Amino acid sequence: MIKISSLSKYFGKIHALDNLDLEINKGELLGIIGPNGAGKTTAIRIICGILKPDSGDVVVNGYSVLKDPIMVKSMIGYLPEEPNLYERFKARDLLRYFGELYGVPKDNLNNRINELLELVGMENRAEHRINTFSKGLRQRIAIARALIHDPQIIIFDEPTMGLDPATSLAIRGFIENLKGEKTIVLCTHYMDEADTLCDRVAILNGGKVRDMGTPEYLKAKIHGDIILEIKIQNQNIDTEKIHSLSSVESVNLNGKNLSISLSSKQEISDILRLIGNNMISINTKEPSLEDVFIHSIK
Ligand SMILES: Nc1ncnc2c1ncn2[C@@H]1O[C@H](COP(=O)(O)OP(=O)(O)O)[C@@H](O)[C@H]1O
Ligand SMILES: [Mg+2]
């Protein structure tokens, strides 16, 4: 659906994108994660036809963003990092204005606006002015604006940055609802957001993709280990028997703390049976996307 080929962009001496290649499939939710300055926003602005690359091209649904920028723009809904909304407009009027700009048929537009206001939970704010809105409400309206022309592709640039946890959760819910129906690109530096929402994740750093795959694949790649951290009442534990299980890689007993490293989850119930009611508490630690990320940008 989106094919990014050898994209390069300099800002003076800063090499923001370094021969970036990336393909985004129809209907998938692709996450782009990377630290500040990795090139995420630059890549997105080029995809959306807002910024010209120094070299390379992006082909969206068969159209080159360099040759057919208007066609490409019509297929994409874009939520910028810092949406610029018209402060004096009422929410409904803002959506109508952008709907007309994008050529949404007039007899459809009112329904579309109501649908979107409902989607982002803003039905009862439709007649309020943007300049009375909190950051979270603005973000909701900015999302509705990005969707007004019912684009096939939606690109979210840091959609939950700086928002309170409840609003972030709501916004992740909107994205989740669009999943499957639309092709979605989600730029974020929140690893748990990428982990829970994305089909695939590309790790971007220094303007290049460092690694890419499903969150599970990336996590399994870094180390397949699961660590059980068990607190026990007494040291009366047959550590050798635990060690003899095929998935157990190591067993460490340190005072009342038993730490068992596993290559898979399969025998966890056998281990628990061996410890029996000697156990006080148990914790599992699995590699997170954060671990993968830190590992791959080193
Ligand atoms: N308009 C600009 N002028 C100068 N430098 C820029 C501009 N936009 C981005 N950069 C630089 O390009 C690099 C990539 O930035 P950006 O794409 O915004 O990264 P990200 O979105 O991943 O944080 C950074 O070093 C940034 O400072
Ligand atoms: Mg950015």
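User: Helices (H or I, at least four residues) and strands (E, at least two) are DSSP runs, numbered from the N terminus. Across which strands does H1 lie?

Analyst: This is a predicted model, where local features need pLDDT of at least 70, side-chain atom pairs count only at pLDDT 80 or more, and totals for chains, interfaces and linings use all residues. Residues are numbered from 1 along each chain as its sequence is written, with chains lettered from A and ligands numbered from 1 in the order in which they are written. Contact here has C-beta atoms, placed from the backbone, within 7 Å. H1 runs at about 120 degrees to E1, and the strands that H1 lies across are E1 (2-11), E2 and E4.

User: Is helix H1 mostly covered or mostly open, and how many of its residues are buried?

Analyst: A residue is buried if 20 or more other C-beta atoms lie within 10 Å of its own, exposed if 12 or fewer, and partly exposed in between. In H1, the buried residues are Lys40, Thr42, Ala43, Ile44, Ile46 and Ile47. Helix H1 spans residues 40-47 and is mostly covered, with a buried count of six of its eight residues.

User: Which residue with a positive phi follows H1?

Analyst: Look just past the end of H1. The phi there is positive, near 75 degrees. The residue is glycine 49.

User: In what order do the strands of the four-strand sheet stand?

Analyst: Two strands pair if DSSP finds at least two bridges between them. The pairing in this open sheet is antiparallel. Strand E2 (14-24) and E5 stand at the edges with a single partner strand each, so one side of each has no neighbour in the sheet. The order is E2-E1-E4-E5.

User: Which residue of E5 stands opposite valine 60?

Analyst: E4 and E5 pair in the antiparallel sense. Two bridges hold that pairing. Opposite valine 60 stands tyrosine 63.

User: Where is asparagine 61 placed?

Analyst: Asparagine 61 has a positive phi of about 50 degrees, although it is not a glycine. It counts as partly exposed because 15 C-beta neighbours lie inside 10 Å. Its place is the loop between strand E4 (55-60) and strand E5 (63-64).

User: What is the order of the strands in the six-strand sheet?

Analyst: This sheet is open and has mixed pairing. Its edge strands are E6 and strand E10 (208-213), each paired on one side only. The twist averages 15 degrees from one strand to the next. The order is E6-E7-E8-E3-E9-E10.

User: How many residues of strand E7 are buried?

Analyst: Strand E7 covers residues 153-157. On one side, Ile153, Ile155 and Asp157 are buried. On the other side, Ile154 and Phe156 are buried too. The count is five of its five residues.

User: Which residue of E8 stands opposite isoleucine 155?

Analyst: E7 pairs in the parallel sense with strand E8 (residues 183-188) over five bridges. E7 also pairs in the parallel sense with strand E6 (residues 76-79), over four bridges, and there leucine 79 stands opposite phenylalanine 156. In E8, the partner of isoleucine 155 is valine 185.

User: Which residue of E8 stands opposite isoleucine 33?

Analyst: Strand E3 (residues 29-33) runs parallel to E8. Five bridges join the two strands. Isoleucine 33 stands opposite threonine 188.

User: At about what angle does helix H11 run to E9?

Analyst: Axes are lines fitted to C-alpha atoms, for helices over the stretch in contact, and angles run from 0 to 180 degrees between N-to-C directions. Helix H11 (residues 289-297) lies across E3, strand E9 (200-205) and E10. To E9, H11 runs at about 35 degrees.

User: At roughly what angle do the axes of helices H3 and H4 cross?

Analyst: Arg92, Leu95, Arg96 and Gly99 in H3 meet Leu109, Arg112, Ile113 and Leu116 in H4. The axes of H3 (residues 91-101) and H4 (residues 106-119) come within 10 Å. Their crossing angle is roughly 130 degrees.

User: Which residues does leucine 116 contact, leaving aside its neighbours within four places in sequence?

Analyst: Leucine 116 sits in helix H4. It is buried because 24 other C-beta atoms lie within 10 Å. Its C-alpha atom and that of arginine 92, 24 residues apart along the chain, are separated by 10.0 Å. Beyond those neighbours, its contacts are Leu95, Ala144, Leu147 and Ile148.

User: Where is aspartate 150 placed?

Analyst: Aspartate 150 is not a glycine, yet it has a positive phi of about 50 degrees. With 13 C-beta neighbours inside 10 Å, aspartate 150 counts as partly exposed. Its place is the loop between helix H5 (135-147) and E7.

Definitions and conventions: Contact = placed C-beta atoms within 7 Å.
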